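Got your viewer open? Let's take a short walk through this one, stop by stop.

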Amino acid sequence: MKKTLVAAQALLGAACFAALSLSAPTALAKDRAVPAASSARPEARPRNIVFVLVDDLRYDGLGFLQPGLLKTPNIDRMAKEGTYFPNAVVTSSLCSPSRATILTGQTARNHGIVDNNDSSEAGLTYFPSYLRQAGYQTAFFGKWHMGASTDAPRPGFDKWVSFIGQGNYWPSKINTGQSSPNLNVDGKTVPQKGYITDELTDYAMDWLTRERDPKKPFLLYLSHKGVHSDPLPPPRYAHQYDKAKFTLPASAANTPQNSAGKPLWVQNQRNTWHGIDFFYNADVPMTEYLKYYYGTLSAIDDSVGRVMDYLRKNHLEKDTLVVFTSDNGYMIGEHGLIDKRNAYEASIRVPLVVWEPGTVPAGKVNEGRIRNLDFAPTFLDVAGAQRPPQFEGTSAWKLWEGVQPVSAWKPGDFTYEYYWEYNFPMTPTTFAIERDRLKYIQYYGVYDTEELYDLKSDPDEMHNLINDSAWAPKKQELRLALYDQLANSAGKHVIPYGKRTAQGSLRRGINGSHAADFPADWYVKPNPVDRFDPNMPDSPAKLKSQAEGRPLIYTPPLADELKRQIDAGGQTSEK
């Protein structure tokens, strides 16, 4: 991490010097009644907001953080002209809970969107509703992926373009109920025409240039599908990284040193859907997978470039705050794991770049920790609107402006929560707290060990200090603090677990059985034709297909399908 920060500071500093030298159904479509958003402070001018949200992007997955390997010229320029925040984190590292936190300004235990399985949105108010009351025009383009299984317009947005579930990189041929060949454009069904990143950007640009009222400040919320699995770059970037050499983190290796002190679930997970040895139940090496992943990111970089060019050409750059981030992190082998959900650094950390020339300091690296919980209050502060009482985060606007020094930014403890999903049962319910760079992690409902890491000396979380007597007082302090902070707004704990004050009865007889093996039918060869079926609900259609000995969703070998779709320009197969 220190090397990354030094590199970022050097690159951004050089860039700054160069710049100086060169001179729902229908009911969902209506706003719910919300408290009046009165002005918190007078603004000299209305400030537009552009919020760009990427799906599953690693904290270090940008060109200026991995120079010579990754290519993101537009985001790099944004960082050179703005401020990069290396310590941005999410309070829940999972798509739906994280997106709900961004929109509601609440933690998962309070907004109730605790997994990706269609949690209810009832009673939730999204921050764009308050911006509308403050006179803003608001627009949403892209992946919503939370709440009811509908792509209908949500409250708080004047303009709406979205899709069901994860969406598709290229137009789907069939409607499965969880994906569709169509988009929802302001409540109307419109066929998806092309590559999703480009098409969403086309809609956003059309709104910016033709549809919005230029007399009103605006919020543009651009929520990309990329780079979510299985990532597909557009043809123009299909071979961009063919010759790139990606390397995995040292902890990806299955060695006794790497396994030492790690929970059993972590060791067992490496040979599962979310493990480096058998990830997504396919046989594409992560070093190859990343070529598709970062090729897909390049289209998003193009999207950022189009929006920024528009702002510059129309002299809006000094009146518009642009924020670029991700809904959660992405692991590429750390501790033998891939994807997200857990409380390890590569899962909870996300990239964050903030830009507004003349206001946000240029070419800076700001180490203040920003949570996804802090976006909603910050955006209302930017608009001069008063924050509602349910918001839990802190406005970071003074920090972003450079008015508040990092030393005065007191974000307090960072508390993390992830709730077990039946779809992916290999990751248990996880609670964590970080205080003064000391991270404590505990798990709910599993027979396993806790974890404690001193991130100052061990940023890669390799040395579990949970049983080190020297750290016992701190361990207990964090145990109690974590329990207290996980209470919801009613003072209750949404999962009924008791206050933890000791290690618990974890010992086993030295001559007894060791860890049990998994059931034999869990072991399959790579690329089963039904590799997505186990993650799908046990619907009548699924049970019928199983009885007939056929997959519900036919999935050809991942390597073959990625190559075939690239060669076919995105035309999907039908089986």
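Leaving aside its neighbours within four places in sequence, which residues is Asn 342 in contact with? Select Asn 342 and look around: you should find Ser 93, Trp 265, Met 331, Leu 337, Ser 347, Ile 348 and Tyr 416 in contact with Asn 342. Keep in mind as you go that this is a predicted model.

Stay here a moment. Asn 342 sits in the loop between strand E10 (338-339) and helix H11 (345-348). Its relative accessibility is 1%, and buried means under 20%, so Asn 342 counts as buried. Now show the side chain of Asn 342, which reaches the backbone nitrogen of Tyr 344 at 3.0 Å.

Time to zoom out to the whole protein. Colour by secondary structure and you can pick out 16 helices and 16 strands. There are 575 residues in the protein, and 57% of them are buried. Switch on the surface next: the protein exposes about 24,100 Å², with carbon and sulfur atoms supplying 54% of that area.

Next stop, the second largest pocket. To get there, select Thr 272, Pro 425, Met 426, Phe 518 and Trp 522, which of the 37 lining residues lie nearest the centre of this pocket. The space in the second largest pocket comes to about 1,300 Å³. Try colouring its lining by class: you'll get 21 nonpolar, 9 polar and 7 charged residues. Which helix gives the largest share of this lining? Select helix H9 (residues 264-269), which supplies 5 residues.

Keep helix H9 selected, since the next stop uses it too. Add helix H8 (256-259): H8 and H9 each supply at least two residues of the lining of the largest cavity. About 70 Å³ of space lies in this cavity. To see its full lining, select Ser 251, Ala 253, Asn 254, Asn 258, Ser 259, Lys 262, Val 266, Gln 267, Arg 270, His 335 and Gly 336. By class, the lining of the largest cavity divides into 2 nonpolar, 7 polar and 2 charged residues.

One more selection to go: Glu 561, in helix H16 (residues 558-568). Is Glu 561 buried or exposed? Glu 561 counts as buried because its relative accessibility is 14%, below the cut-off of 20%. Show its side chain together with that of Arg 564, and you'll find a polar contact between the two side chains at 3.1 Å.

Methods
Residues are numbered from 1 along each chain as its sequence is written. This is a predicted model: local features need pLDDT of at least 70, side-chain atom pairs count only at pLDDT 80 or more; totals for chains, interfaces and linings use all residues. Side-chain values use heavy atoms; hydrogens and water are left out. On a 1 Å grid over the protein atoms alone, a cavity is a set of points where a 1.4 Å probe fits but cannot get out, and a pocket is an open set with protein on both sides within 12 Å along at least five of seven lines; lining residues have an atom within 4 Å of a point. Grid points are joined across faces, edges and corners, and a volume is the space filled by probe spheres set on the points. Helices (H or I, at least four residues) and strands (E, at least two) are DSSP runs, numbered from the N terminus. Ala, Val, Leu, Ile, Met, Phe, Trp, Tyr, Cys and Pro count as nonpolar, Asp, Glu, Lys and Arg as charged, and the others, Gly among them, as polar. Buried means under 20% relative accessible area, exposed over 50%, partly exposed in between (1.4 Å probe, protein chains only). Accessible areas come from the Shrake-Rupley method with a 1.4 Å probe; for residues, only the protein chains shown count as cover. A polar contact is a pair of N or O atoms within 3.5 Å; within protein, one must be able to donate a hydrogen and the other to accept it, and residues adjacent in sequence count only if both atoms are side-chain atoms. Contact means heavy atoms within 4.5 Å.
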